[in-house]
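Look at the structure below and follow one helix from its ends to its surroundings.

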Amino acid sequence: MLSNTLCIIEKVLKQLNSDLDATPIVDFFRNYRKGMWIYPGVLKRKFSFNMNQVYELLSSLEKEGILQSYYELYCGHCQKSMGTVELFNQLPDYFECEICGEELPALENSVIIYKVVRDD
């Protein structure tokens, strides 16, 4: 990401927690480019955030137009991704895993992930 976007990320981080050292988090986002996926679990592990903090940050960056949320369908048995949908109402009731053939309820087998849509 370029400096304009990184400045917005730093501003959002400071708004969420004024005591936070934003430098390592901004450096983390520096490696992302438009079209790349960000998984909330990576931020949780890397920065020892709880999931509420992670989703609050990512949701704030979505409001700034940097990220866009998607629902990723995954097989709870073999842990493979079965694709993404952009909107909640696009989630099917059930889907079949292409690998193990298991029929799974979509709502219980989806996670919110984010795609970088702006990196200028």
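Contact means heavy atoms within 4.5 Å. Helices (H or I, at least four residues) and strands (E, at least two) are DSSP runs, numbered from the N terminus. This is a predicted model, in which local features need pLDDT of at least 70, side-chain atom pairs count only at pLDDT 80 or more, and totals for chains, interfaces and linings use all residues. Residues are numbered from 1 along each chain as its sequence is written, and side-chain values use heavy atoms, with hydrogens and water left out.

Begin with helix α1, residues 3–16. Its 14 residues should span 20 Å at 1.5 Å a residue (times one less than the number of residues), and the end C-alpha atoms are 20 Å apart, which agrees.

Thr5, Leu6, Ile8, Ile9, Val12 and Leu13 of α1 are buried, that is, under 20% relative accessible area (exposed is over 50%, partly exposed in between; 1.4 Å probe, protein chains only). They lie on the same side of α1, because they cover an arc of only 155° around the axis, taken from the directions from the helix axis to the C-beta atoms. The face turned away from this buried side carries the exposed residues Ser3, Asn4 and Gln15.

What covers the buried residues of α1? The cover includes α2 (23–30) and α4 (51–63). Ile9 touches Met1, Val26, Phe29, Leu61 and Ile66, not counting residues up to four places away in sequence.

A nonpolar core is a set of buried Ala, Val, Leu, Ile, Met, Phe, Trp, Tyr and Cys residues joined through side-chain atoms within 4.5 Å. The largest has 24 residues, and Ile9, Phe29 and Ile38 have the most contacts inside it. Its largest share, 5 residues, comes from α1.
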